[in-house]
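Okay, thanks for having me, everyone. Let me put the structure up, and then I'll walk you through it piece by piece.

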Amino acid sequence: MPDQIADNVIAMIKKSAASNGADSALGHDEITAATELTSLGIDSLGLADILWEIEEAYGIRIEVSTVDDWSNLQSVGDLVEAVRGLAAKEV
């Protein structure tokens, strides 16, 4: 069964990585849940942009106001799980 949340989040990450020139170093099809965000050239500002786009798409609020919150979002899978949990609360 397709995972729509994962697919959407990965698409948003690909868009951000491409705008940072990372897609030349890493093919689009190679981004998986295990992919580290830093390997895509996504820094804290880029991650904030992705989080805003996800919040808008899913009508959720992702709280990342502390260093611990940011450090918990290391991989694509971490971000997908955070979105999945918050989206489930909104239903």
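**Starting with helix 1**

The buried residues of helix 1 are Ile5, Ala6, Val9, Ile10, Met12, Ile13, Ser16 and Ala17. Look down the axis of helix 1 and those buried residues sit inside an arc of 160°, so they line one face of the helix. Before I go on, a word of caution: this is a predicted model.

So what's on the face turned away from that buried side? There you find Lys15 and Ser19, and both are exposed. And what covers the buried residues of helix 1? The cover includes helix 2 and helix 4.

Helix 1 has 16 residues, which at 1.5 Å a residue should span 22 Å, and its end C-alpha atoms are 23 Å apart, so that agrees. At its N-terminal end there's a cap: Asp3 puts a side-chain oxygen 3.3 Å from the backbone nitrogen of Ile5.

Okay, let me zoom out for a second. The protein chain has four helices and zero strands, so if you read along the sequence, the pattern is α-α-α-α. There are 91 residues, and 35% of them count as buried. If you take the contacts in the chain with a separation of 6 or more, 66% of them are between residues 24 or more positions apart. As for the surface, the chain exposes about 5500 Å², with carbon and sulfur atoms supplying 53% of that.

**The core**

Now the inside. The largest nonpolar core has 24 residues, and the ones with the most contacts inside it are Val9, Ile13, Ile54, Val76 and Leu79. Helix 1, helix 2 and helix 4 each put in at least two residues. Which helix gives the most to this core? That's helix 1, with seven residues.

Val9 is a nice one to click on. Leaving out residues up to four places away in sequence, Val9 touches Ile54, Leu79, Val80 and Val83.

**Over to helix 4**

Helix 4 runs over residues 76-90, so let's do that one the way we did helix 1. Its 15 residues reach 21 Å from the first C-alpha to the last, close to the 21 Å expected. Buried here are Val76, Gly77, Leu79, Val80, Val83 and Ala87. Why do they end up on the same side of helix 4? They cover an arc of only 155° around the axis.

On the other side of helix 4, Ala88 and Lys89 are exposed. The buried residues, meanwhile, pack against helix 1 (4-19) and helix 2 (44-58).

**The loops**

Let me spend my last couple of minutes on the loops. In the loop between helix 3 (67-71) and helix 4 we have Ser75. Buried or exposed, Ser75? Buried, at a relative accessible area of 9%. Setting aside neighbours within four places in sequence, Ser75 is in contact with Ala33, Ala34, Thr35, Glu36 and Leu37.

Asn72 is in the loop between helix 3 and helix 4 too. But Asn72 has a relative accessible area of 52%, and anything over 50% counts as exposed, so Asn72 is exposed. Its C-alpha is 9.5 Å from that of Ala82, with the two positions ten residues apart along the chain as the spacing.

Then go to the loop between helix 2 and helix 3, where Ile62 is. Ile62 comes out at 6% relative accessibility, so it's buried. Ile62 and Ala82 are 20 residues apart along the chain, and their C-alpha atoms are separated by 8.0 Å. What does Ile62 contact, apart from neighbours within four places in sequence? Leu51, Ile54, Glu55, Val83 and Leu86.

Glu55 on that list is worth a stop. Glu55 is in helix 2, and at 11% relative accessibility it counts as buried, because the cut-off is under 20%. Which side chain does it pair with? There's a polar contact of 3.2 Å between the side chains of Glu55 and Arg61. With neighbours within four places in sequence set aside, Glu55 is in contact with Ile60, Arg61 and Ile62.

That's my tour, happy to take questions.

Note on methods. Residues are numbered from 1 along each chain as its sequence is written. This is a predicted model: local features need pLDDT of at least 70, side-chain atom pairs count only at pLDDT 80 or more; totals for chains, interfaces and linings use all residues. Side-chain values use heavy atoms; hydrogens and water are left out. The expected span of a helix is 1.5 Å times one less than its number of residues. Buried means under 20% relative accessible area, exposed over 50%, partly exposed in between (1.4 Å probe, protein chains only). The arc is that of the directions from the helix axis to the C-beta atoms. Contact means heavy atoms within 4.5 Å. Accessible areas come from the Shrake-Rupley method with a 1.4 Å probe; for residues, only the protein chains shown count as cover. A nonpolar core is a set of buried Ala, Val, Leu, Ile, Met, Phe, Trp, Tyr and Cys residues joined through side-chain atoms within 4.5 Å. A polar contact is a pair of N or O atoms within 3.5 Å; within protein, one must be able to donate a hydrogen and the other to accept it, and residues adjacent in sequence count only if both atoms are side-chain atoms.
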